[in-house]
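Me: I've got this structure open on my screen and I'd like a close look at one part of it. Please pick a single piece and walk me through what it's like and what sits around it.

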Amino acid sequence: MLKALVAAALAVTVSAADISGVKLEDKAQVESRDVVLNGAGLRTRFRVVKVYVIGLYLPEKKNDPAGVLSLEGPKRASIHMLRDVGADTFTEALVEGLRANTSEAEYKALEPRVQELSATMAELKEAKKGMNISLDWTGASTQLMVDGKPAGKPIAGEDFYRALLKIWLGDKPVQDDLKKALLGT
């Protein structure tokens, strides 16, 4: 019996991720629906400055960008801040990632929703060290969550959420090794 309990405890420990001191659970819930940790990694700047740890949660594991982007159901990109980043800087990084992975016409269509997300971030003023910022796809909209609580209004359109995921999983990801880590490869 004791061996079984120890084995079960080890299995839970092994399946969850621990990156730069941030523990990511192997499962989460988006709109009361289960999602599993697909992969997780560390975002750095200049290879030495640790910015955040991000975990990608999906209804089922996928190891290719097309599979992730076409997967139906709830999703979560869970960002755990490792340093303070001003709202403007955070938003500028998102916009840069969106522009790098969408055409000009696609970005123009997304722009009003990008502004909605930017306004919500501006209200926060700062993404503070220790803060957990999640971008959830609920199946109907993108909901920004801050430390487990909704922030701002839901943002319509699955195209918007797919574009956000392309920041990390697109043809020009923000960081190549982070893309691989989120895909579990």
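Reply: A helix here is a DSSP run of H or I with at least four residues, and helices are numbered from the N terminus. Keep in mind that this is a predicted model. Let's take helix 4, residues 104-124.

Start with its length. Helix 4 has 21 residues, which at 1.5 Å a residue should span 30 Å. The C-alpha atoms at its ends are 28 Å apart, so the two figures agree. That doesn't make helix 4 straight, though: there is a kink of about 50 degrees at Glu111, shortly before the proline Pro112.

Now for which side chains are tucked away. The buried residues of helix 4 are Tyr107, Leu110, Arg113, Val114, Leu117, Thr120 and Met121. Their cover includes helix 3 (87-101), strand 8, strand 9, strand 10, strand 11 and helix 5.

Zoom in on Thr120 for a moment. Thr120 has a relative accessible area of 8%, and because buried means under 20%, Thr120 counts as buried. Once you set aside neighbours within four places in sequence, Thr120 is in contact with Leu144, Ala151 and Gly152. Leu144 falls in strand 10 (141-146), while Ala151 and Gly152 fall in strand 11 (149-156).

That brings us to the sheet. It's an open one with seven strands in the order 3-4-5-6-9-10-11, paired antiparallel. Strand 3 (27-30) and strand 11 are the edge strands, each pairing on one side only. From one strand to the next, the twist averages 25 degrees. Helix 4 packs on this sheet, touching strand 9, strand 10 and strand 11, and its direction makes about 165 degrees with that of strand 11. Helix 5 (residues 158-169) packs on the sheet as well, and it touches strand 5 (49-58), strand 6, strand 9, strand 10 and strand 11. The direction of helix 5 makes about 50 degrees with that of strand 6.

Strand 9, one of the strands that helix 4 touches, leads us further across the sheet. Strand 6 (residues 75-81) and strand 9 (residues 132-137) run antiparallel and are joined by six bridges. On the strand 6 side sits His80, whose bridge partner in strand 9 is Asn132. His80 counts as buried because its relative accessibility is 15%. Its side chain makes a polar contact of 3.1 Å with the side chain of Ser78. Beyond four places in sequence, His80 is in contact with residues including Val51, Tyr52, Val53 and Asn132.

Back to where helix 4 stops. What follows helix 4 is Lys125, with a positive phi near 70 degrees. Most residues other than glycine have a negative phi. Lys125 is not a glycine, yet its phi is positive. Lys125 sits in the loop between helix 4 and strand 8 (126-127), and with a relative accessibility of 63% it counts as exposed.

Asp147 also has a positive phi without being a glycine, with a value near 50 degrees. You'll find Asp147 in the loop between strand 10 and strand 11, two of the strands that helix 4 touches. Asp147 counts as partly exposed because its relative accessibility is 47%.

Note on methods
Residues are numbered from 1 along each chain as its sequence is written. This is a predicted model: local features need pLDDT of at least 70, side-chain atom pairs count only at pLDDT 80 or more; totals for chains, interfaces and linings use all residues. Side-chain values use heavy atoms; hydrogens and water are left out. Buried means under 20% relative accessible area, exposed over 50%, partly exposed in between (1.4 Å probe, protein chains only). Contact means heavy atoms within 4.5 Å. Two strands pair if DSSP finds at least two bridges between them. Axes are lines fitted to C-alpha atoms, for helices over the stretch in contact, and angles run from 0 to 180 degrees between N-to-C directions. The expected span of a helix is 1.5 Å times one less than its number of residues. The bend at a residue is the angle between axes fitted to the seven residues ending there and the seven starting there. A polar contact is a pair of N or O atoms within 3.5 Å; within protein, one must be able to donate a hydrogen and the other to accept it, and residues adjacent in sequence count only if both atoms are side-chain atoms.
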